[in-house]
Amino acid sequence: MITSASTTLLVEKKENLLILTLNRPEKRNACNDELILSIEKVFDQVNDEIKCIIIKGNGKHFSAGLDLSELKERDIVQGLQHSQMWHRVMNKIQFAACPVVAVLHGAVVGGGLEIASACHIRVAEKSTFYALPEGQRGIFVGGGASVRLPKLIGVARMTDMMLTGRVFNADEGERIGMAQYLVEEGAGLEKGIELASKIASNAGLTNYALTHVLPKIVDSNQQEGLMLESMMAAMAQDAPEAKQRLKDFLEGRAKKVGES
């Protein structure tokens, strides 16, 4: 049984899906160390029974970022170690044993945006808004945003957010790549479960290739990337599950693209 380290993170298993709920609604789900380490503990327990994970927030917001009320004075080494703790946990989300879907609403700010950007699919409700207020607080992002977010929206847009305090609403966020899906208020979890169920039905090796290998291809030079792609394609095609799925398609037992 997969459990959380504290009440700041709720865990629910729904068939082969795992639903994690950030649970500090009185703090707009602002992230403290307890919450981040609870996320890590859960991801460390994920086994082969879980095919997709959903992360959402309790209350009116996904997450308003780092809990500044618990921000301690740290020297440079301590600050470096704290940032690297966040990096370790965000890496466990991005390179989890299965894909991760974020269901967003309300504030997706600072550290909350760092959590969302570590996920593979993002579903945003109409109330969602995105911001990186660190620039106005005299600090800098430390949970991986400077690496992941520019890959979603570009360096110029992230620079704008931090220099000017610009806030993107849900429609703007979907347009520029913050989220892949935009739904009406209250419909996020239903859409997230729908997508997670589709993801869970994929071949495991394909999901692994998309979440673990594709990022490395993108970060490689062209020749290295093409070689990684060739190796992954050969491995996937050789898998017994892939062979059966291709046979089902060729013999008319699988749906064609566009069929419901």
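Colleague: Which residues of H1 are buried?

Modeller: This is a predicted model, where local features need pLDDT of at least 70, side-chain atom pairs count only at pLDDT 80 or more, and totals for chains, interfaces and linings use all residues. Residues are numbered from 1 along each chain as its sequence is written, and side-chain values use heavy atoms, leaving out hydrogens and water. Helices (H or I, at least four residues) and strands (E, at least two) are DSSP runs numbered from the N terminus, and buried means under 20% relative accessible area (1.4 Å probe, protein chains only). In H1 the buried residues are Leu35, Ile36, Ser38, Ile39, Glu40, Val42 and Phe43.

Colleague: How far apart are the end C-alpha atoms of helix H1?

Modeller: The expected span is 1.5 Å times one less than the number of residues. For the 13 residues of H1 (33-45) that gives 18 Å, which agrees with the distance in the model, 19 Å.

Colleague: Which strands stand at the edges of the open sheet?

Modeller: Two strands pair if DSSP finds at least two bridges between them. The 3 strands of this mixed sheet are in the order E5-E7-E8. One side of each edge strand is left without a neighbour in the sheet, because each has a single partner strand; these are E5 (107-109) and E8 (168-169).

Colleague: Is Asp67 buried or exposed?

Modeller: Asp67 is in the loop between E3 and H2. Not counting residues up to four places away in sequence, Asp67 touches (heavy atoms within 4.5 Å) Arg24, Lys27, Ala30, Cys31 and Asn32. With a relative accessible area of 5%, Asp67 is buried.

Methods. Buried < 20%, exposed > 50% of the residue type's maximum accessible area, 1.4 Å probe, protein only.
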